[in-house]
Amino acid sequence: MDTIADLLTSIRNAGARFKDRVDVPSSKVKMEIVRILKDEGFIANFKPIYAAESKRGTIRIFLKYSPTKEPVIRGLRRISKPGCRIYRSYSDRIIERGGGVMTIFSTSRGVMTQKEARAKKVGGEVLCQVW
């Protein structure tokens with residue numbers, strides 16, 4: 001089961017239905033991806049929710065819309081999949097769909113954008129692209 005793909009699908013479906021928020025099961029990698037989405041302005045906010053009776057928490061993601069009520073996230077794409085992992089060096093250029101595309105990497109120094117990975121000169125697994 002691909003938990004990152006489930007996260008991206010939940011965000012994509014909630015945006016298509018113009019939902020204000022979406023709840024997804026929590027994990028460290030998902031929390032870092034959501035943090036990057038907030039820092040880059042793709043979502044309005046997020047909030048971790050921990051249940052007392054459960055070890056596992058939930059991430060509540062508040063989606064962001066333009067003044068014309070269109071979702072800020074126009075597309076999400078999972079790149080590296082459990083059956084076919086994709087790794088890139090920091091110097092490799094990732095093919096992007098024009099302007100406004102952000103690529104998220106999982107590196108030995110944590111989850112970060114391609115821009116940060118290039119600045120820190122560290123490569124890793126290409127998780128997803130957001131535009």
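Helices, of at least four residues, and strands, of at least two, are taken as DSSP runs and numbered from the N terminus. On this basis the predicted model contains three helices and eight strands in its chain. Along the sequence these elements follow the order α-β-α-β-β-β-β-β-β-α-β.

The overall dimensions were examined next. The chain has 131 residues and a radius of gyration of 15 Å, which agrees with a compact globule, because such a globule would have a value near 14 Å. The C-alpha trace spans about 40 × 40 × 25 Å along its principal axes. Of the 131 residues, 38% are buried. When contacts in the chain between residues at least 6 apart in sequence are considered, 61% join residues at least 24 apart.

The surface and the charges were then considered. The accessible surface of the chain amounts to about 8,000 Å², and carbon and sulfur atoms account for 50% of this area. Positive side chains number 27 and negative side chains 13. The centres of these two sets lie 1 Å apart.

Strand β1 was examined in more detail. This strand covers residues 21-25 and has two faces. Val22 and Val24 form the covered face, whereas Arg21, Asp23 and Pro25 lie on the uncovered one. Strand β1 runs antiparallel to strand β3 (residues 58-63), and five bridges join the two. Val24, on the covered face of β1, has Ile59 of β3 as its bridge partner.

Methods
Residues numbered from 1 in each chain as written. Predicted model: local features only at pLDDT ≥ 70, side-chain atom pairs only at ≥ 80, totals over all residues. Heavy atoms only, no water. Buried < 20%, exposed > 50% of the residue type's maximum accessible area, 1.4 Å probe, protein only. Pairing = 2+ DSSP bridges. Rg over C-alpha atoms; globule rule 2.2 N^0.38 Å. Contact = heavy atoms within 4.5 Å. Areas by Shrake-Rupley, 256 points an atom, 1.4 Å probe, with all protein chains shown as cover. Lys, Arg positive; Asp, Glu negative; His and termini not counted. Charge placed at Lys NZ, Arg CZ, Asp CG, Glu CD.
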